[in-house]
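Here are a few exercises to work through with the model open beside you. Each one has a task, then a solution that goes step by step.

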Amino acid sequence: MTQALLEQVINGLMMGSVYVLVALGLVLIYGVMHVVNFAHGVLFTLGGYLGHFFFTQWWDSFWMATLLSMLSVGLVGYALERGVFHPLHGNLRNQVIASLGLILAFENAVIALWGPNALQWKVATTEQLVSVGELRFSVHHLGIIVLTMAMITALGLFLKHTRFGTAIRATSQNQEAALVVGIPVRRVQWSAFALGSALAALGGCLVGPLFLVFPQMGDVPLVKGLAGILLGGMGSVPGAVVGGLILGVTESVSTLFLPTDYRDAIAFMVMVGILLLRPQGLWGQRVRGED
Amino acid sequence: MGLKGLACLLVLLVLASAPWWAAQQPFLLHMLVTACVLVVPAVGLNLMLGHGGLVSLGHMGFAGIGAYVAAVLMVDARWSFAPSVLAAMLAAGAAGGLISLLCFRFRGHFFMIVTLAFGLMLHAVMNNWDSVTRGAAGFAGIPRPSPLRWGDQVWSFGPLPNFYALALGMAVLAFALQYLVVHSNFGRSLAAIRQDERLARSRGVNTLLYKTTVFAMGTALAGMGGVLQVSFLRVAAPASFTMLESINMVLIVIIGGAGSLVGPALGALLYVGLPEMLRLSNEWRLVIFGVMLVLITLFAPKGLAGLCARAWQWLIPRKTTAVAKP
């Protein structure tokens with residue numbers, strides 16, 4: 001039992017790490033622009049497909065392919081911010097609706113370009129095994145966890161100790177005040193959007209070799225990422241990390257007791273349950289009059 | 001009534017006579033039925049989104065509740081069509097009302113995400129509760145409504161034109177309900193809530209009650225649409241009630257023009273008709289629709305109905321506008 005439990009906890013941490021990558025991007029974007037980008041999931045998918053494309057067509061190195069994919073999706077994110085989300089700023093409903101339009105456009109463009117079938121992405125690390133005590137995991141599993149932890153630390157340090165990171169935090173605390181003290185809010189906004197998109201692409205590239213690359217691969221991470229940031233408290237970076245990990249571990253461990261098919265539903269029930277007790281999320285603060 | 005009313009009546013007559021002018025083109029009739037099937041839940045969502053300002057991203061989950069309740073009643077309990085529709089609407093509306101009470105604890109983005117989560121949970125139940133919903137394979141063998149008898153006359157719903165009459169009837173019913181709601185005191189209070197909820201509450205409007213009611217109405221209409229869909233396709237499949245279908249529903253309402261009375265009809269007709277005109281694969285159609293949706297939010301926030309209203313204004317200018325312009 002303990003062994004099965006441990007195994008599921010590691011699995012959960014791995015999936016949770018992927019949700020955290022998505023959630024971090026969402027939180028960054030929400031912080032500086034006050035928009036929830038529902039199209040974040042298709043950026044995840046696009047990242048997976050581009051990574052696969054670069055890997056098979058150009059460069060036989062997983063890391064280079066991942067890096068190139070992150071760069072290109074970052075550029076896509078930049079274009080979306082400039083072309084769609086910024087012109088709609090201040091209009092919550094239209095921003096959400098535009099992002100729904102982007103979901104349709106991207107997801108179906110991917111299907112039209114690469115076909116509806118899942119693509120295999122063979123990477124050596126998925127077949128190498130490590131044993132920890134009695135448990136055996138692929139290097140890729142552990143790699144995802146370690147890499148995500150490294151990304152979180154790097155992002156934390158960046159936000160805390162660099163000039164630009166401070167500008168991002170200032171903008172998410174109070175946009176007008178940030179503008180008044182001379183922070184280039186527009187540049188902060190588009191770079192946060194590009195950074196968030198690149199993180200989503202990283203998630204897609206990490207998951208692709210494990211679970212195949214397919215057009216709907218971003219749907220579940222998007223929804224779990226959204227649930228994670230709601231759980232952690234909207235706009236809170238540590239909240240997004242903890243929220244994503246809680247969701248990942250809960251749903252993995254729940255498969256020990258309940259049918260696997262209900263895994264997704266259970267994650268949402270946990271989310272709704274916690275939010276009913278604490279509507280502002282675990283880390284959030286209640287702001288009067290804020291929507 | 002006026003010119004607009006006459007125009008609506010004319011369009012309705014054209015649509016109602018489709019079985020005659022489209023007798024040689026069953027495909028066209030098929031498309032019209034599909035549009036009717038889509039328009040019923042779209043009207044429900046228009047009540048919530050357009051009139052009440054509540055963006056629900058799990059609408060088709062409630063259509064699924066209606067569809068499966070009716071399927072179980074008609075196939076397992078051998079109920080006839082009409083009571084099954086009523087029961088399905090009640091079930092979907094009750095579920096919508098209850099779930100909305102939970103959702104209304106959240107605002108703005110939070111509300112949308114929670115509705116999305118509930119839509120996904122409902123889909124998970126439909127997909128996995130094998131003993132009742134028959135699981136992912138779908139619930140087959142749903143009958144068409146039993147034939148009507150009037151003396152010696154028998155009116156069966158098997159042939160497409162006859163089923164089209166039923167579908168159009170239900171769509172008209174949905175639009176009539178929408179008209180009544182919007183032109184009642186309830187509808188005016190709803191508009192007040194959409195424009196400024198806090199102000200409405202301070203003027204003594206019980207906003208929670210009104211929002212819950214409109215959510216229940218919208219989801220009940222979604223349930224009706226679900227029943228219509230499964231009795232048209234003769235099978236209830238979880239794939240019809242996914243997150244993407246819910247998003248498509250939002251898209252239909254927005255492209256048509258949220259908050260407009262005829263918007264859902266324009267949106268549904270375009271959604272069904274455009275790909276046939278363009279002769280494109282399904283994927284590129286949705287790409288075009290996605291891009292259109294983005295463009296509409298950017299350049300024509302009132303949707304097609306708004307564009308039509310502007311064209312109408314341009315064709316038949318009202319005197320007041322002449323005064324208003326310098």
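**Exercise 1.** Work out whether Leu247(A) is buried or exposed.

*Solution.* Start with the cut-offs: a residue is buried if 20 or more other C-beta atoms lie within 10 Å of its own, exposed if 12 or fewer, and partly exposed in between, with C-beta atoms placed from the backbone. Leu247(A) has 29 C-beta neighbours inside 10 Å, so it counts as buried.

A quick word on what you're looking at: this is a predicted model, where local features need pLDDT of at least 70, side-chain atom pairs count only at pLDDT 80 or more, and totals for chains, interfaces and linings use all residues. Residues are numbered from 1 along each chain as its sequence is written, while chains are lettered from A and ligands numbered from 1 in the order in which they are written.

**Exercise 2.** Find which residues Leu247(A) touches, leaving aside neighbours within four places in sequence.

*Solution.* First, place Leu247(A): it sits in helix 10 (residues 237-254) of chain A, helices being DSSP runs of H or I with at least four residues, numbered from the N terminus. Next, apply the contact rule, C-beta atoms within 7 Å, again placed from the backbone. That gives Gly16(A), Tyr19(A), Lys224(A), Ala227(A), Gly228(A), Leu231(A) and Ala267(A). Finally, try a C-alpha distance: Met15(A) is 232 residues away from Leu247(A) in sequence, yet 8.8 Å away in space.

**Exercise 3.** Describe how helix 10 of chain A packs on helix 11 (residues 263-277) of chain A.

*Solution.* Take the geometry first: the angle is about 130° and the axes are 9 Å apart. The pair is therefore oblique, since angles under 35 degrees count as roughly parallel, over 145 as roughly antiparallel, 65 to 115 as roughly perpendicular and the rest as oblique. Now list who makes the contact: Leu247(A), Thr250(A), Glu251(A) and Ser254(A) from helix 10 of chain A, and Arg263(A), Ile266(A), Ala267(A) and Val270(A) from helix 11 of chain A.

**Exercise 4.** Check the length of helix 9 (residues 219-232) of chain A, and how enclosed this helix is.

*Solution.* For the span, use 1.5 Å times one less than the number of residues. With 14 residues, helix 9 of chain A should span 20 Å, and its end C-alpha atoms are 20 Å apart, which agrees. Then look at burial: 13 of the 14 residues are buried, so helix 9 of chain A is largely enclosed by the rest of the structure. Step just past the helix and you meet Gly233(A), whose phi is positive, near 105°.

Key:
Helix = DSSP H or I, 4+ residues; strand = E, 2+ residues; numbered from the N terminus. Contact = placed C-beta atoms within 7 Å. Axes fitted to C-alpha atoms, helices over the stretch in contact; angles between N-to-C directions.
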